[in-house]
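Colleague: Could you give me a close look at one part of this model, and then carry the account outward to the rest of the chain? I would like a careful, connected reading that I can follow with the structure open beside me.

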Amino acid sequence: MESKEPTQEKIIEAVKKYYGLKIDENAYMNADVYAYEETTADGYSVYVVTGDMNSVCIAEDVYYYESDIPSAIMEYVEYANGHCTIYADQYFLDDIYFDDMLLESFQEVADKIYDNITNDEEDYGFTVAEVQWLKQEFTESEEINQTVS
């Protein structure tokens, strides 16, 4: 059977499902992670990523560089134990290229997603050809590398 790489959209959805990630711009005070842009008194943009809206710590939760935000959000997501709701505006997430971070994360969890599929633990919506691609790209090469070393 010919293998076929899934679309980026399907990969992003698979990563969200793996982490139990839900993005909800209406989850104010009901989310696990809050990510948003604020403006300082003198007009500069800063970015906030926090787990507690009532206790934002300037030294730990506020970022000057937009490029640091996706990885800060993913730290919360990775430690959320299978379910994580992010309070963030989709436009904000697009501006910080959060989907790119999810695509990068796929590299780290693809073998686990493949295991979940083959053990019938979870359905990620992949076709048989896409599951074959997962197997070739993320499991077989690792097995070969382990036997050679």
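Modeller: Let us begin with Tyr64, which is exposed, its relative accessible area being 51%. Please keep in mind throughout that this is a predicted model. The threshold for exposure is over 50%, so the 51% of Tyr64 places this residue in the exposed class. Its sequence neighbour Tyr65 is likewise exposed, with a relative accessible area of 53%.

The rings of these tyrosines are worth a closer look. A pair of aromatic rings is described by the distance of the centres and the angle of the planes. Across the whole structure, the search finds eight aromatic pairs, and one of them joins Tyr64 to Tyr65, with 5.0 Å from centre to centre and 85° between the planes, which makes the pair edge-to-face. Elsewhere, Tyr28, Tyr34 and Tyr87 are linked by ring pairs into a cluster.

Moving a little back along the chain from Tyr64, one reaches Asp61, which lies in helix 2, the segment of residues 58–61. Asp61 is buried and yet takes part in no salt bridge, the nearest side chain of opposite charge being that of Lys22, 23 Å away. A salt bridge requires the nitrogen and oxygen atoms to be within 4 Å, so the 23 Å to Lys22 leaves Asp61 without such a partner. What does surround Asp61, once residues up to four places away in sequence are set aside, is a group made up of Tyr47, Val48, Val49, Thr50, Ser55, Val56 and Tyr76.

Other acidic residues do find partners, for the structure holds four salt bridges. In one of them Glu130 meets Lys10, with the closest N and O atoms 2.8 Å apart; this pair links distant parts of the chain, since Glu130 belongs to helix 6 (residues 128–148) and Lys10 to helix 1 (residues 8–19), 120 residues apart. The two ends of this bridge fall into separate accessibility classes: Glu130 is buried, at 2% relative accessibility, whereas Lys10 is partly exposed, with a relative accessible area of 24%.

A further bridge reaches helix 1 from another segment, the side chains of Glu122 and Lys17 meeting at 3.7 Å, N to O. Glu122 sits in the loop between helix 5 (98–118) and helix 6, while Lys17 is in helix 1, so this bridge ties together parts that lie 105 residues apart in sequence. Glu122 counts as partly exposed at 36% relative accessibility, and Lys17 is partly exposed too, with a relative accessible area of 40%.

A third bridge, between Glu13 and Lys16, has its closest N and O atoms 3.6 Å apart, and it stays within helix 1, where the two residues are three places apart, about one turn of the helix. Here Glu13 is partly exposed at 46% relative accessibility, whereas Lys16 is buried, with a relative accessible area of 16%.

Helix 1 also comes into the surroundings of Ile113, a residue of helix 5 that is buried, with a relative accessible area of 0%. Leaving aside neighbours within four places in sequence, Ile113 is in contact with Ala14, Val15, Tyr18, Phe106, Tyr124, Phe126 and Leu134. Along the chain, Ile113 and Leu103 are 10 residues apart, and their C-alpha atoms are separated by 13 Å.

Turning to the strands, strand 5 (residues 84–87) is joined by three bridges to strand 1 (residues 21–23), and the two run parallel. Strand 5 also pairs in the parallel sense with strand 2 (residues 33–39), over two bridges. Ile86 of strand 5 recurs in these pairings, standing opposite Ile23 and serving as the bridge partner of Val33.

There remain the cysteines. The structure holds zero disulfides; Cys57 is in none, and the nearest cysteine sulfur, that of Cys84, lies 19 Å away. A disulfide would need the sulfur atoms within 2.5 Å, so a separation of 19 Å leaves Cys84 unbonded to Cys57 as well. In accessibility, Cys57 counts as partly exposed at 30%, while Cys84 counts as buried at 2%.

Definitions and conventions
Residues numbered from 1 in each chain as written. Predicted model: local features only at pLDDT ≥ 70, side-chain atom pairs only at ≥ 80, totals over all residues. Heavy atoms only, no water. Buried < 20%, exposed > 50% of the residue type's maximum accessible area, 1.4 Å probe, protein only. Helix = DSSP H or I, 4+ residues; strand = E, 2+ residues; numbered from the N terminus. Lys, Arg positive; Asp, Glu negative; His and termini not counted. Contact = heavy atoms within 4.5 Å. Pairing = 2+ DSSP bridges. Phe/Tyr/Trp six-rings, centres within 6.5 Å; stacked < 30°, edge-to-face > 60°.
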